[in-house]
Amino acid sequence: MVAGKSSDKGSGGVALVAAVLVVLAGAGGAGGAALNSGASGGGGAAPVESISVRKWDAKRAAVGGDAQGAMSHLGVGISKQAVKQELDCLDNSFGQVREFFAQTPCAALDRLLMAVGDQAGNAAVVSVVWVTFPGRNQARQFDRVVDVAGSGDVKPLSGGLVGLPDVHFTAEHYWSETKDTTITIAESEPATGHVEPDLLDAMTEVAAQLPRP
């Protein structure tokens, strides 16, 4: 697992492209919480758990495939999400990552984009990409390329799919996980209003635990 990639990040056979599935989700769990890290409440209010504490419950939910529940633990809700499954890793990547795919085609590419927010109008976008290879050796080799700053990236889905402007992912809030033959890459960026950096980091780490669709 790698956090904090500090800069931006062919294909074998015929591309198999599925239609984008867009899901409207109620912002359950967002409540009135702001997109911030949380601190002790004033005026006698009960203390709010720190983001580092809430993150562990969120990760458990994510591992079980409950994206909405995972984000709810962080005090936000998913308003809309889009999923796309295909095979063309080469055309959906750039930089050294694309060069890697030209020599080592992937076996599957799954991409998820989530719009998350609170009732105050603060919003962020979270991208999750699952790249699957025929074998573990190719997956390990790809992991060593994609986690290097400036090596390129697999392109996240367009923000327009979840009702947000296109977001430039900087890899400042980045996390990757390797499991068997699949590499999971998660990134987060603020979209509107104010979103605390530590919450963006937490959402990214949590999203990287989600299983491949």
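**Notes on a predicted fold: charges, helix α1 and the cores**

1. Let's start with an odd one: aspartate 88 is buried but makes no salt bridge, and arginine 98, the nearest side chain of opposite charge, is 6.6 Å away. Here "buried" stands for under 20% relative accessible area, "exposed" for over 50%, and "partly exposed" for what is in between (1.4 Å probe, protein chains only). A salt bridge needs a side-chain nitrogen of Lys or Arg within 4 Å of a carboxyl oxygen of Asp or Glu. For charge, Lys and Arg count as positive, Asp and Glu as negative, while His and the chain ends are not counted.

2. Before going on, keep in mind that this is a predicted model, where local features need pLDDT of at least 70 and side-chain atom pairs count only at pLDDT 80 or more, while totals for chains, interfaces and linings use all residues. Residues are numbered from 1 along each chain as its sequence is written, and side-chain values use heavy atoms, with hydrogens and water left out.

3. So what does the side chain of aspartate 88 reach? One partner is the backbone nitrogen of leucine 90, at 3.4 Å. Another is the backbone nitrogen of aspartate 91, which lies 3.0 Å from a polar atom of the aspartate 88 side chain. You'll find aspartate 88 in the loop between β3 (77-86) and β4 (93-94). For the record, a polar contact is a pair of N or O atoms within 3.5 Å; within protein, one must be able to donate a hydrogen and the other to accept it, and residues adjacent in sequence count only if both atoms are side-chain atoms.

4. Now the overall layout. The protein has 5 helices and 9 strands, and from the N terminus on they run β-β-α-α-β-β-α-β-β-α-β-β-β-α. Helices (H or I, at least four residues) and strands (E, at least two) are DSSP runs, numbered from the N terminus. Of the 213 residues, 49% count as buried.

5. Helix α1 is a nice one to check with a ruler. Its 13 residues (51-63) should span 18 Å at 1.5 Å a residue, and the end C-alpha atoms are 18 Å apart, so the two agree. The expected span is 1.5 Å times one less than the number of residues. Its buried residues are Ile51, Arg54, Lys55, Ala58, Lys59, Ala61 and Ala62, and their cover includes α2 (67-73) and α5 (197-207). Just after α1, glycine 65 takes a positive phi of about 90°.

6. Which salt bridges should you look at? A search of the whole structure finds 7. Lysine 55 pairs with glutamate 205, with the closest N and O atoms 3.0 Å apart. That pair joins distant parts of the chain, helix α1 and helix α5, 150 residues apart. Lysine 55 is buried at 16% relative accessible area, and glutamate 205 is buried at 7%. Lys55, Lys59 and Glu205 are linked in a network of salt bridges.

7. Compare that with arginine 60 and aspartate 57, whose closest N and O atoms are 2.1 Å apart. Both sit in helix α1, 3 residues apart, about one turn of the helix. Arginine 60 counts as exposed at 55%, and aspartate 57 as partly exposed at 27%. Another salt bridge joins arginine 111 and glutamate 86 at 2.5 Å, linking strand β5 to strand β3. Both of those residues are buried.

8. On to the cores. A nonpolar core is a set of buried Ala, Val, Leu, Ile, Met, Phe, Trp, Tyr and Cys residues joined through side-chain atoms within 4.5 Å. In the largest, with 29 residues, Met71, Leu74, Met114, Val116 and Met203 touch the most other members. α1, α2, β3, β5 (108-117), β6 (123-132) and α5 each supply at least two residues, and the largest share, 6 residues, comes from α5. Apart from it lies another core of 18 residues, among them Val97, Phe101, Val131 and Val154.

9. Last, two backbone spots to look at. Alanine 171 has a phi near 70°, a positive value in a residue other than glycine. It is in the loop between β7 (152-154) and β8 (174-179), and alanine 171 is buried at 0% relative accessibility. Aspartate 180 also isn't a glycine, yet its phi is positive, about 60°. Its place is the loop between β8 and β9 (182-192), and aspartate 180 is partly exposed at 44%.

Terms used:
Contact means heavy atoms within 4.5 Å.
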